[in-house]
Amino acid sequence: MSDTLLSVQGVETYYGNIRALAGVNVEVKKGEIVSLIGANGAGKSTLMMTVCGSPQARTGSIIFDGEDITRLPTHLIARRRIAQSPEGRRIFPRMTVYENLQMGASLDNLKYFNEDVEKIFTLFPRLKERQSQRGGTLSGGEQQMLSIGRALMARPKLLLLDEPSLGLAPLIIKQIFDAIKVLNEEQGLTVFLVEQNAFAALKLSHRAYVMVNGQVTMSGSGKELLANPEVRAAYLEGGRH
Amino acid sequence: MSNISNTNESAGGNLTARALREGIFAGIIALGLFVLFVGLETTQNIRNELVLNQRWGLLAIFVIIAAVGRFLTVAYFQPSMAARKAAASKVAADTEESFFKRNFSKIAIVALLIYPPLMVMLFGVQGSLKWVDNFGIQILIYVMLAWGLNIVVGLAGLLDLGYVAFYAVGAYSYALLSQQFGFSFWVLLPLAGILAAFWGMILGFPVLRLKGDYLAIVTLAFGEIIRLVLINWTEVTKGTFGVSGIPKASIFGIWSFDVSAPNNFAKAFGLPMSSAYYKIFLFYLILALALLTAYVTIRLRRMPIGRAWEALREDEIACRSLGINTVTTKLTAFAIGAMFGGFAGSFFAVRQGFVSPESFVFLESAIILAIVVLGGMGSLVGIAVAAAVMVGGTELLREMTFLKAVFGPDFTPELYRMLIFGLAMVVVMVWKPRGFVGSREPTAFLRERKSVSGSFTKEGHG
């Protein structure tokens, strides 16, 4: 049995005539946390969205768990148990926290809902306090927790996180990254993470890729990249305030 | 409360003085504003010369209205509003909702069930016709249509400006099929619903990718297409002449309402002949249909498809990433919404006995949509109240013959229907921007309901 869960091979994605991804190769093994770092507009989020099938890759292939999912529509990709916490969180603002979590469990038609919702509430106790509040009234950090919680309700094999630290206070970022670590270590959840906050992401990840202008320019273990002088110059020292 | 009355006592004299002062100021401002517009009028006389008419009396009326109005507002209206606000905030804090408010829908259903017999008792068999037919049935048709549209607009968030098309499909399905093949109402009612749902899907397919204003324009065009087909396909629909002589419905085939039929309802029970029985039967029929719509809506909201609709309204991309097939979700919303439109349409045909394209103009779509928006999208009770106020209100205008005495014999109050309708909409939208019942009821709770603070959460990303 191969332990590769997600394999992105030579993927090119276009927005109209503009090429956003120029032949990207990325591999995520089972049980890993892999992060993708890079500057604004490098194509990080595009790669994540391409994995989810919107937009679809023009060339190349995306293999998930031994199956080619390149041409599948988004909702069928989600049914292969790839859950996503999208950029900007995209929770349902007028539905309550509880209903948002229900929506996450709609793949199994709420079969494991009661069991799973308790797990989410243990992981993020704040969500339990806020469960009957509307999603739109939550703070940014709580919304991010809800977005991750909603994705976890689908019992994913692979969790895609698009910029979970975006616009959050350092303390909240730490809480969220700790939660990701717990999920990975205790439940063996595979996580593919897109981040601008390179320092926190590299510290957390087993492996990482650096993306520049739609191409992967560097890869290695989190520690290696943290020590790499080029990465330090481009993403760490300049980026830290 | 004591707080307020204290300030009132100490400021009692002040208040009158202030009101007087503000009233005089308002009068002066009005004088300045209107002296040239109202006080002086230029007209041409018979020799084409410009003459200046002086209208000081009219100007005085304007100024007095402004001054007295301002005086009354400051002296009485504003303090009473402030007192009510203070009282309301105090009451809301510690008391629960009144019995009436909690059981509003049950009380309303019981009231509707006893409404026709009550009217017969009050106004006699013939006198009840107006109240049961013009008010009862007319309002309930719009309640049902608005509840049907609510599934598409309120739950799934798909702005549909051509809803009347499905109403027309239902009406013509019944009218034509009953005349051509002699099917009874009870066979054709589900058939009309299915046909309308089918047309809902046909509309749904091309607009799957559209949203918001673009979707609205295409649905608007769809409504017009259906109407134009009805006008121009004269061999089948008889064009603008319409289809007349549509058979009446019977009580499940047991009793008929045809005067000549041996099993006529009035004959069977030895009652005097009257069309009122048929109207009362129709009243209960549309009431049952409307309640069916409400029941289905409430059930669906708790089912996966209903949750998917609401999620779709909030965020389509998030929906897809959660594994929801947005294509089938949208199509079912269109189809189920259209189906209730079709039911209402076949009821309309059976009630009128005559259908023509005149009944299915864009204005109807607009009124139905306005009722949904005014009532508060997604709220069944709010929509029913809005329909009663809007449709009942315009019907009431016809009754206001006493206004002829005030404004002269040429005055026809129903001509001002749309003006008042528009004004009412503006007023409601200013006071209650989310409709009569603006807050969405959650469908799921973990243990108990808590008060939900987020009724003002905006759409989009909070």
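In this predicted model, a good place to begin is chain A, where four strands form an open sheet in the order β2-β1-β4-β5, with antiparallel pairing. The edges of this sheet are β2 (18-29) and β5 (67-68) of chain A, each of which pairs on one side only. Helix α1 (residues 44-51) of chain A packs on the sheet and touches β1 (4-15), β2 and β4 of chain A. The direction of α1(A) makes about 70 degrees with that of β2(A). At the β5 edge, two bridges link β5(A) to strand β4 (residues 59-64) of chain A in the antiparallel sense, and A:I63 stands opposite A:D68 of β5(A).

Further along chain A comes another strand pair. Strand β6 (residues 82-85) of chain A runs parallel to strand β7 (residues 158-162) of chain A, and four bridges join the two. Within this pair, A:S85 is found opposite A:L161 of β7(A). In a regular strand, side chains alternate between the two faces of the sheet. Both faces of β6(A) are covered, with A:I82 and A:Q84 buried on one side and A:A83 and A:S85 buried on the other.

Burial is also a theme in chain B. Helix α11 (residues 304-314) of chain B is largely enclosed by the rest of the structure, because nine of its 11 residues are buried. The buried residues are B:G306, B:R307, B:A308, B:W309, B:E310, B:A311, B:L312, B:R313 and B:E314. Their cover comes from both chains: it includes α3 (97-104) of chain A, together with α4 (104-155), α10 (276-302), α12 (316-321) and α13 (326-352) of chain B.

Methods:
Residues are numbered from 1 along each chain as its sequence is written. Chains are lettered from A and ligands numbered from 1 in the order in which they are written. This is a predicted model: local features need pLDDT of at least 70, side-chain atom pairs count only at pLDDT 80 or more; totals for chains, interfaces and linings use all residues. A residue is buried if 20 or more other C-beta atoms lie within 10 Å of its own, exposed if 12 or fewer, and partly exposed in between; C-beta atoms are placed from the backbone. Two residues are in contact if their C-beta atoms, placed from the backbone, lie within 7 Å. Two strands pair if DSSP finds at least two bridges between them. Axes are lines fitted to C-alpha atoms, for helices over the stretch in contact, and angles run from 0 to 180 degrees between N-to-C directions.
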